[in-house]
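Visitor: Please pick out a single part of this model and take a close look at it, setting out carefully what lies around it.

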Amino acid sequence: MSSPELDVAQLSDSERSALDTYTAVTGQELSQAIPLLRRSQWNVQIAVSKFFDGEGPDPVEEARAALHSPPQPTRRTQNLVMEDTSANILRATHAIEPAPRIVTQPEDQPVFRPPFLLALFFTPLNFLYRLLCSSFRLFGALFPFLPRLFSVTANPALRGARRNTNGRRPLAPKDTAARFIREFEEEYGAHSLPFLENGYNMALEKAHRELKFLLVVLLSPEHDDTGCWVRDTLLSQEVVDFINNHQNNILIWGGNVQDSEAYQVANSLRCTKLPFASVIVHTPSVSSTAMSVVARIAGNTTPLEFVDKLRAATTQNKEALDRIRTTRAEQQASRSIREQQDSAYERSLAIDRERARQRREAEAARQRAEQEEQERRAANERRAQDLQQWKQWRAQTLRDEPGADVKDAVRVSIRLPSGERVIRRFAPDTDIEQLYAFVECYDVLQESQGASGVSKPGGFEHQYGFRLVSPMPRAVYEIESGVTIREKIGRGGNLLVEPIDDEEEDA
């Protein structure tokens with residue numbers, strides 16, 4: 001089955017227009033709207049009726065099923081009680097008349113305006129047409145049976161073609177409802193009737209969605225009984241209180257039959273006498289989406305008669321609506337429980353995912369720390385090995401201690417960090433760095449006397465981790481290029497080995 005996007009792309013312009021009109025009225029998904037329109041031969045009115053009233057059996061499919069179904073036995077056992085009950089239910093079902101749906105003009109459809117010269121040319125014909133229409137309304141007022149006879153015998157296409165013959169500007173359904181409410185308040189003053197400020201189809205959908213009764217009121221300012229009926233009956237305290245009672249679940253929608261939408265509603269409801277009121281409600285016994293007309297109140301009625309008919313209609317259908325409300329409440333409660341369970345599951349899953357992420361991050365951090373520690377240890381070990389090799393190499397390059405026959409040798413007493421004191425003689429022209437190297441390599445000199453053949457470690461840069469200082473007065477003997485021991489210390493001296501801390505090196 002092709003996707004809705006592919007179906008829409010393959011539709012013609014007329015089919016797309018019908019699809020837009022149908023979805024604007026019903027709000028159905030494209031995946032369900034397109035097949036329904038195809039089954040309705042792209043007739044919007046038939047498709048809308050099928051959507052709200054339910055589809056009837058398909059004759060073609062029934063014929064196919066009859067061909068493939070096994071033959072039924074000729075012998076039949078009759079149950080008179082069940083047949084009588086079924087007949088009563090069938091008669092009651094047929095007595096309920098489906099509520100009509102109307103197809104209104106789209107709000108965004110542009111208004112055609114003929115060119116100025118063409119309009120000027122047809123002005124006399126337009127004047128003559130208005131004169132004939134006014135004459136026909138005059139004859140209709142004098143002889144009331146003529147309009148009714150014309151509406152019965154005329155072609156349905158001609159009956160539905162009545163458009164703006166009274167000088168009223170055609171508006172969108174919502175604007176038409178707002179104009180009716182405004183004119184109603186201007187004519188009859190402030191009132192407490194909660195008229196819906198929506199089109200008829202939207203009011204019908206609201207009543208179906210909220211499981212309420214829709215009271216449709218159709219008025220005509222040209223009718224003689226309209227004013228007194230509205231003031232004495234519709235706006236009476238009994239009727240207003242009954243409609244406003246929230247326990248009765250009544251929505252009210254009104255229209256002026258001079259408007260196109262209200263006129264179509266009047267024809268669809270077979271309104272034969274004004275003022276007119278009709279009660280429409282969802283009837284689950286017919287189908288899950290059916291809206292049916294359960295009461296008609298035509299003509300000039302008293303407030304008591306009007307309330308009695310409303311009460312009878314609401315009482316008769318209230319039980320079925322209560323069952324649907326209970327079912328919907330149970331479904332909503334089940335849906336809420338499922339949503340709560342899904343939400344709790346999602347939260348638990350999110351917590352588990354967060355914990356797993358934290359464990360992964362902690363494990364990765366631990367592995368990184370272990371790797372860094374191993375690298376640090378390896379670097380320290382490698383540095384210690386290189387330092388030891390450098391000491392062995394440097395010990396080989398130290399100059400030997402001068403003998404007793406060298407009169408100008410420099411005698412140096414060095415106190416090591418371990419507390420040991422070492423006394424050694426150095427040649428007077430010995431570099432000060434030789435003194436530092438002697439202190440650095442003292443342990444190697446003590447352990448490996450006569451070791452040779454050790455090479456300098458490659459890529460190793462040695463730095464002395466101590467300094468030689470004179471205690472009194474304090475003087476620091478830094479390594480300076482080209483400075484001899486005789487020039488720095490003199491003929492002799494006492495030195496201390498002072499380690500250099502890491503903080504001092506950073507400073």
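Guide: Two strands count as paired if DSSP finds at least two bridges between them, and the elements themselves are DSSP runs, helices being H or I over at least four residues and strands E over at least two, numbered from the N terminus. The model is predicted, so local features need pLDDT of at least 70 and side-chain atom pairs pLDDT 80 or more, while totals for chains, interfaces and linings use all residues. Residues are numbered from 1 along each chain as its sequence is written, and side-chain values use heavy atoms, without hydrogens or water.

The part I choose is helix α17 with the sheet it packs on. That sheet is open and has five strands, ordered β7-β6-β10-β8-β9, with mixed pairing. Its edges are β7 (421-426) and β9 (475-477), and because each has a single partner strand, one side of each is left without a neighbour in the sheet. On average, neighbouring strands are turned by 35° against each other, direction ignored. At the β9 edge, β8 (residues 466-470) and β9 run antiparallel and are joined by three bridges, with Ser 470 standing opposite Ala 475 of β9.

Against this sheet lies α17, which touches β6 (410-415), β7, β8, β9 and β10 (492-499), contact meaning heavy atoms within 4.5 Å. The direction of α17 makes about 115° with that of β8, where axes are lines fitted to C-alpha atoms, for helices over the stretch in contact, and angles run from 0 to 180 degrees between N-to-C directions.

Helix α17 spans residues 432-440, and eight of its nine residues are buried, so the rest of the structure largely encloses it; buried here means under 20% relative accessible area with a 1.4 Å probe, protein chains only. Those residues are Ile 432, Gln 434, Leu 435, Tyr 436, Ala 437, Phe 438, Val 439 and Glu 440. The N-terminal end of α17 is capped by Asp 431, a side-chain oxygen of which lies 2.8 Å from the backbone nitrogen of Glu 433, the limit for such a polar N or O pair being 3.5 Å.

For wider context, the largest nonpolar core has 31 residues, among which Phe 184, Leu 215, Ile 243, Phe 306 and Leu 310 touch the most other members, and α16 gives the largest share, six residues. Leu 435, a buried residue of α17, belongs instead to a second, separate core of 28 residues, which also includes Ala 395, Val 412 and Tyr 464; a core joins buried Ala, Val, Leu, Ile, Met, Phe, Trp, Tyr and Cys through side-chain atoms within 4.5 Å.

Key
Buried < 20%, exposed > 50% of the residue type's maximum accessible area, 1.4 Å probe, protein only. Polar contact = N/O pair within 3.5 Å; in protein donor to acceptor, adjacent residues only side chain to side chain.
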